[in-house]
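Subject: The structure I promised you

Hi there,

Here is the structure I said I would pass on. Have a look at it first, and then read my notes below.

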2 protein chains.
Amino acid sequence: MTASLAESPIAALKIACSSCNLRELCLPVGFSKPLLERLDTLVATHRSVRRGETLFRSGDRFEAVYAVRAGFFKTRVSPHGGRDHVTGFQMAGELLGMDGISTDRHTCDAVALEDSQVCLIPYAELERLSREFPELQHQFHKILSREIVCDRVMMFLLGGMRAEERLAAFLLDMTQRLEERGFSPTSLLLRMTREEIGDYLGLKLETVSRCFSKLHDDGVLRVRQRHVQVLDRSALAQLVNEAG
Amino acid sequence: MTASLAESPIAALKIACSSCNLRELCLPVGFSKPLLERLDTLVATHRSVRRGETLFRSGDRFEAVYAVRAGFFKTRVSPHGGRDHVTGFQMAGELLGMDGISTDRHTCDAVALEDSQVCLIPYAELERLSREFPELQHQFHKILSREIVCDRVMMFLLGGMRAEERLAAFLLDMTQRLEERGFSPTSLLLRMTREEIGDYLGLKLETVSRCFSKLHDDGVLRVRQRHVQVLDRSALAQLVNEAG
DNA sequence: CGTTTGCTTGACAGCATTCAACGTTGGTGG
DNA sequence: CCACCAACGTTGAATGCTGTCAAGCAAACG
């Protein structure tokens, strides 16, 4: 099964936005038929990225944004000499690379945390098409704006919450996004290491591990390495809310 | 609406983007004459906001973005019951309110920290005009993208830096933005309290105060209440860089 | 001139980091 | 099949930074 997927060239599968099962999560939410057809011709290129490889790197020329078709990514900045900071995790149906618009160059690395496929959306053509279709224009603006709002939530988390509350918020966010994609919101398989979670939440890996153990002991989670079962979702929510 | 226009002496001044001294910092960077003229008709309304008053509040319907014409703002989220989190400070030439695009409602409060004036840019018309002018479209996208990049820098700061390093980064950012506006980069008058700086940097006001004292004692700053003189800018930069 | 608000400083407590040791897992090659 | 290694994860003890609580001071305002 994995063999047939890996061997078949993605492009040959003729993935089209109009028939993609992610279209109601991704860029084309609620688009009309004519626009969907135009989008199909725009989003013609696809790329496979193996686990551990980068989709783009900080400093690369910005030419396209990417939609995650399958798999899982992290974005990170690596201040030379310093430890990484993970700016986000992206799963199927989410867009990547919009940070590059401002300077025409990417400002972070995008790394696949498992074998993944992305759809390439040429940026110049996206701007051109969105001048023609107000619905596309507005949707793209909404996605950019949502990115800003999510970053603000993250800033609040980093600035105001304690370790256990941060981890609770992280887990709630992950389960919610998984649920939107039709997966169980109570059972998740983490694709990232404790260190990557720490680099995302502004914590050391030991602290992340300790918090997992604490939530396990408190009966909120069942943790076995990267398998996490959420036993008491309301307890997580309470941790996050009490933080305010 | 006509009442507020009448009350506002600003509107009577017939401020136009095409003749605004901030046009090379604000939205219309490098715009052509025809576009500037169209923008003049779009940005027809202006508002005065007195110190302490809000320009918009979380939950308000999103109808326009605002350009700071004069004065100084903070944006904040106030989780009910919890302490404020300041998401940013905005000075002349900067845009406010783009967080509202994603949900059609503002997600934060914008509060004037001194008597201020803003230009109102109706959002629907901005979208319409940017379908006509690719340069406007691209510039708006760049502004949104820059917002994302700045937020990422802030996340790195909150997640990875210690108190003194955060304050150094904050001061460097402020002086740089002041310099771009033609002010001295070594002498600044803070418009916000220690508590507001703390709510922005994820620190308590006492810690902010202590860090100011420390930098003062180290000969990096001269601090007298809200008057700050930067004596050794490279020392600030070094603090920030060593943090990586 | 008194009140309010904001700022500074000290002592102490608490939480996260640091340093270190050990356990687990999965892959590789003998 | 097993041994071994490397990467990842867990846990303990000690340190250190920031928060908390409290007191006093300075500046702004009516």
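How far apart do the C-alpha centres of domain 1 of chain A and domain 2 of chain A lie? They lie 25 Å apart. Before I go on, a word on conventions: residues are numbered from 1 along each chain as its sequence is written, while chains are lettered from A and ligands numbered from 1 in the order in which they are written. Please also keep in mind that this is a predicted model, in which local features need pLDDT of at least 70 and side-chain atom pairs count only at pLDDT 80 or more, whereas totals for chains, interfaces and linings use all residues.

**The two domains of chain A**

Domain 1 of chain A covers 2-157 and domain 2 covers 161-242; such bounds come from an automatic or database domain assignment. Domain 1 of chain A puts 14 residues into the contact, and domain 2 of chain A puts in 11. (Two residues are in contact if their C-beta atoms, placed from the backbone, lie within 7 Å.) On the domain 1 side, β3 (64-77), β4 (85-91) and β6 (109-122) of chain A each supply at least two residues. Helices (H or I, at least four residues) and strands (E, at least two) are DSSP runs, numbered from the N terminus. The most comes from β4(A), with four residues. By class, this side of domain 1 has eight nonpolar, two polar and four charged residues. Here Ala, Val, Leu, Ile, Met, Phe, Trp, Tyr, Cys and Pro count as nonpolar, Asp, Glu, Lys and Arg as charged, and the others, Gly among them, as polar.

**How chains A and B fit together**

A turn of 180° and a shift of 0.0 Å along the axis lay chain A on chain B with an RMSD of 0.0 Å. That is the relation of a two-fold axis. In chain A, the C-alpha nearest the axis belongs to A:Arg131, 2.2 Å from it. The same surface serves both copies, since 100% of the contact residues of chain A recur in chain B. (The superposition is by least squares on the C-alpha atoms of residues with pLDDT of at least 70 in both copies.)

The contact between the chains takes 34 residues from chain A and 35 residues from chain B. On the chain A side, β4, α3 (123-132) and α4 (134-160) give two or more residues. Which of them gives the most? It is α4(A), with 19 residues. This side of chain A has 12 nonpolar, 14 polar and eight charged residues.

**Around the DNA**

A residue is near a strand if its C-beta atom, placed from the backbone, lies within 6 Å of it. DNA strand D is surrounded by 19 residues, and the closest are A:Thr193, A:Ser213, B:Arg162, B:Ala163 and B:Thr207. Two or more residues come from each of α6 (194-201) and α7 (205-217) of chain A and α8 (205-217) of chain B. The largest share, six residues, is from α7(A). The surface near strand D divides into five nonpolar, six polar and eight charged residues.

DNA strand C has 19 residues around it, and A:Arg162, A:Thr207, B:Thr193, B:Ser209 and B:Ser213 come nearest. For strand C, the largest share of the surface, six residues, comes from α8(B).

**Inside the structure**

A residue is buried if 20 or more other C-beta atoms lie within 10 Å of its own, exposed if 12 or fewer, and partly exposed in between, with C-beta atoms placed from the backbone. Why is α6(A) largely enclosed by the rest of the structure? Because seven of its eight residues are buried. Among the buried ones are A:Ile197, A:Tyr200 and A:Leu201, and their cover includes β3, β4, α5 (163-180) and α7 of chain A. After α6(A) comes A:Gly202, whose phi is positive, near 75°.

The largest nonpolar core has 136 residues, and A:Tyr66 and B:Tyr66 have the most contacts inside it. (Such a core is a set of buried Ala, Val, Leu, Ile, Met, Phe, Trp, Tyr and Cys residues joined through C-beta atoms within 7 Å.) Leaving out residues up to four places away in sequence, B:Tyr66 touches residues including B:Leu55, B:Leu95 and B:Val118.

Happy exploring!
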